[in-house]
Amino acid sequence: MSAGEGTSAGQLTGHARPGRSGSASWPTREIDRDALGIWALSRLSVWIVAAATAWLFAANGTDVAGWFDQWIQWDFHHYRGIAEFGYGGEPTGVPNEAFFPGLPGLLWLGHQIGIPHVVTGLFISLVAGGIAAVALGRLGELEGGPAVGRLAVLAWVCAPPAVFLAAPYTEALFLACALPAWLAARRGNWLMAGVLAALACTVRVSGIFLAIAIGVHWLTTRQAARSWSGFGWLFLPLVPLAAWMAYLKNLTGNWLAWLDAQAQEWNREFTWPWDAWANTWNAAFGGTQSPGFAWMFGAELVATLIGVALTVVLIVWRRWGEATWVGLQVAAFATSYWLFSVPRATLLWWPLWIGIALLAVRRRWVLWVYLAVSVPLMSVWAVVFLTGRWAG
């Protein structure tokens with residue numbers, strides 16, 4: 001990645017000029033409007049793809065569910081199952097303690113006022129994604145100006161697995177907490193960063209990595225921008241985590257039931273990275289998986305390489321907090337039995353989308369090449385997911 005026009009070396013190393021980071025004022029509302037516009041138009045595109053998918057596959061004699069029912073795929077069954085039956089047992093055939101309670105709780109709340117679970121989930125992703133888009137645009141502007149903010153949002157909504165930002169999944173909801181949390185940390189508002197990171201910890205296990213990354217950012221910011229009085233707020237994420245683990249202990253007798261559930265059903269047990277890579281390579285190219293699964297294992301390998309490269313670049317740039325955020329996720333994925341759901345996780349790596357934007361501002365052909373490759377992949381990914389095939 002390379003700096004864009006108007007981006008100084010100080011900004012890239014985390015020591016930006018006054019008025020661009022730390023205690024700087026909020027970016028202009030123009031970037032918010034543009035980010036929301038990009039988000040809204042991208043939602044229209046996804047909805048068109050969803051409608052076309054139903055029509056085209058029905059025309060070929062394949063029974064495809066109605067527009068809303070198309071979104072009831074894979075993990076959403078588990079979120080809905082928890083909303084309907086709570087935790088304990090396996091109402092959807094897997095140990096549901098693997099899923100954090102944030103999204104299922106909101107689905108339950110929507111159902112209490114008469115809104116179907118899938119409609120609630122889609123609405124949550126729509127609104128939460130808009131919040132995340134605004135925060136990403138602001139972060140991009142801090143790094144290189146309004147053009148970088150806009151292009152970062154554009155790159156993000158056009159990412160190959162971007163269908164999961166529209167689906168009733170946790171990605172959009174998590175980012176609606178995580179991106180503003182990081183933005184608050186960049187401004188030195190540690191109370192807000194701690195509160196938002198705590199909310200993120202109710203949605204996904206990634207919230208733990210976010211809390212650690214914010215702590216690293218606090219440790220590595222300039223002394224003038226750091227206040228010991230704000231240090232305690234960084235421990236706020238421990239509150240929901242402790243409550244969640246205490247609840248599981250009372251329910252199952254196991255403090256780490258969520259971790260054991262992931263190992264039991266999703267092969268998240270510790271594996272040496274080289275063995276995890278070999279297992280994934282064999283699944284992708286060894287003929288042990290059907291083509292529908294093999295192609296996704298190939299995508300897992302590519303996404304992991306991107307994560308490793310991004311972490312190295314962030315370390316070279318001395319962006320310690322962002323390197324911690326991406327690096328911890330890559331390490332967690334790379335030490336499971338095989339690489340699994342890494343492409344989806346790239347949606348959470350805001351340094352990746354800001355980095356693409358920085359490159360695109362300086363060399364516009366980067367944007368055209370990225371869109372030429374990513375947009376078709378995004379469409380394919382959406383069709384795969386909406387027709388019930390495995391999409392990571």
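This is a short talk on the helices, pockets and cavities of one predicted protein model.

Hi everyone. Because the model is predicted, local features need pLDDT of at least 70 and side-chain atom pairs count only at pLDDT 80 or more, while totals for chains, interfaces and linings use all residues. Residues are numbered from 1 along each chain as its sequence is written, and side-chain values use heavy atoms, with hydrogens and water left out.

Let's start with the overall picture. The protein chain has 18 helices and 0 strands; these are DSSP runs, numbered from the N terminus, with helices being H or I of at least four residues and strands E of at least two. Of its 392 residues, 54% count as buried, meaning under 20% relative accessible area with a 1.4 Å probe, protein chains only (exposed is over 50%, partly exposed in between).

Now, one helix: H17, residues 350-362. How far apart are its end C-alpha atoms? They are 19 Å apart, which agrees with the 18 Å that its 13 residues should span at 1.5 Å a residue; the expected span is 1.5 Å times one less than the number of residues. In H17, 11 of the 13 residues are buried, so this helix is largely enclosed by the rest of the structure. Among those buried are Trp350, Leu352, Trp353 and Ile356.

Some of these names come back in the second largest pocket. A pocket is an open set of points on a 1 Å grid over the protein atoms alone, with protein on both sides within 12 Å along at least five of seven lines, and lining residues have an atom within 4 Å of a point. This one holds about 640 Å³ of space, where a volume is the space filled by probe spheres set on the points, joined across faces, edges and corners. Of its 24 lining residues, Ile306, Leu352, Trp353, Ile356 and Tyr370 are the closest to its centre. Helix H14 (291-316) gives the largest share of the lining, 8 residues. The lining divides into 21 nonpolar, 3 polar and no charged residues.

And the largest pocket? Its volume is about 790 Å³. It is lined by 30 residues, with Arg204, Val205, Gln262, Arg268 and Phe333 nearest its centre. Here the lining has 18 nonpolar, 7 polar and 5 charged residues. For those classes, Ala, Val, Leu, Ile, Met, Phe, Trp, Tyr, Cys and Pro count as nonpolar, Asp, Glu, Lys and Arg as charged, and the others, Gly among them, as polar.

Thanks for listening!

Notes:
1 Å grid on protein atoms, 1.4 Å probe; cavity = no way out; pocket = protein on both sides within 12 Å on 5 of 7 lines; lining within 4 Å.
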